[in-house]
Amino acid sequence: MKTAGTGDERRGGDQYHRVFLFRGFLVGFFIFCPLLALLASSMPVHKDPSFSVRVNGAHGLDPMSGPVIRPGFNLTLRVDNNQDFTTCREEVTVTVFYGGAVVVGWADVPDFCVEKRSSAELSVPLSHADVVLTNELRRRMALELRSGELELGVEIRLVFPKGQIIPWEWGCYECHDSSSRQSFQLCRAKPEQGYVPCQRLLLI
Ligand SMILES: *[C@@H]1O[C@H](CO)[C@@H](O)[C@H](O)[C@H]1NC(C)=O
């Protein structure tokens with residue numbers, strides 16, 4: 001009379017069990033991995049839109065006629081939206097600087113949206129006022145004009161519309177640990193030299 005299996009029978013049972021587990025693992029692996037990959041690839045891509053600017057038709061940046069200059073130029077703002085959803089911005093303002101601090105142009109840009117996976121070019125007519133330059137800045141501007149190195153700083157302030165939150169990234173708008181709807185882009189552009197990319201300004 002046997003009340004327990006022999007050692008051989010137990011080993012057989014263990015082996016059967018192991019094979020069974022291994023098969024289960026294989027089946028799970030080959031079903032769940034493609035499933036996960038499919039899920040991951042169908043997640044909408046989130047990547048901040050990129051901004052670039054171009055300075056058009058600059059004139060009046062002429063420091064030799066006197067300390068007062070009358071700048072005149074416009075901008076084109078280009079937005080490349082590589083995301084899988086439309087993105088919008090509102091309360092957009094542009095300020096153009098020379099020499100770090102002298103404001104030579106500014107504009108309010110109408111609210112805009114850019115369709116998913118597309119680009120938009122927005123004309124930004126700028127307002128200008130007469131600008132008084134210090135002697136040092138006049139000298140610098142004259143030198144830079146001659147060498148073609150004149151560079152303008154363009155600061156763009158943009159606001160994410162309320163409610164345009166990215167649904168799978170709760171509480172974040174442009175998703176750099178930022179829960180602020182406002183963001184800034186900074187670009188350094190030389191007149192008539194095509195688009196230059198802007199960089200997101202991180203405020204501390
Ligand atoms: C800038 O845009 C305004 C309005 O569209 C236009 O009147 C002006 O001539 C433009 N200036 C330049 C330098 O292109």
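The following exercises, with worked solutions, concern the cores, ligand shell and sheet of a predicted model.

Residues are numbered from 1 along each chain as its sequence is written. Because the model is predicted, local features need pLDDT of at least 70 and side-chain atom pairs count only at pLDDT 80 or more, while totals for chains, interfaces and linings use all residues.

**Exercise 1.** Identify the residues that touch the most other members of the largest nonpolar core, and the strand that supplies its largest share.

*Solution.* A nonpolar core joins buried Ala, Val, Leu, Ile, Met, Phe, Trp, Tyr and Cys residues through C-beta atoms within 7 Å; buried requires 20 or more other C-beta atoms within 10 Å of the residue's own, with C-beta atoms placed from the backbone. The core has 19 residues, of which Val53, Leu75, Val94, Leu152 and Val154 touch the most other members. Strand 9 gives the largest share, four residues; strands are DSSP runs of E, at least two residues long, numbered from the N terminus.

**Exercise 2.** Determine which classes of residue make up the shell around the ligand.

*Solution.* The residues around the ligand (C-beta atom, placed from the backbone, within 6 Å) are Asn56, Gly57, Gly72, Phe73, Asn74 and Pro125. Pro counts as nonpolar and Gly as polar; the shell has two nonpolar, four polar and no charged residues. Strand 3 contributes the largest share, three residues.

**Exercise 3.** Explain why strand 7 and strand 11 each have one side without a neighbour in the sheet.

*Solution.* Strands pair if DSSP finds at least two bridges between them. The open, antiparallel sheet has the order 7-3-1-11. Strand 7 (118-124) and strand 11 (196-197) stand at the edges with a single partner strand each, so one side of each lacks a neighbour. Strand 1 pairs with strand 11 over two bridges, and Val53 has Val196 as its bridge partner in strand 11.

Notes
Buried ≥ 20, exposed ≤ 12 C-beta atoms within 10 Å, placed from the backbone.
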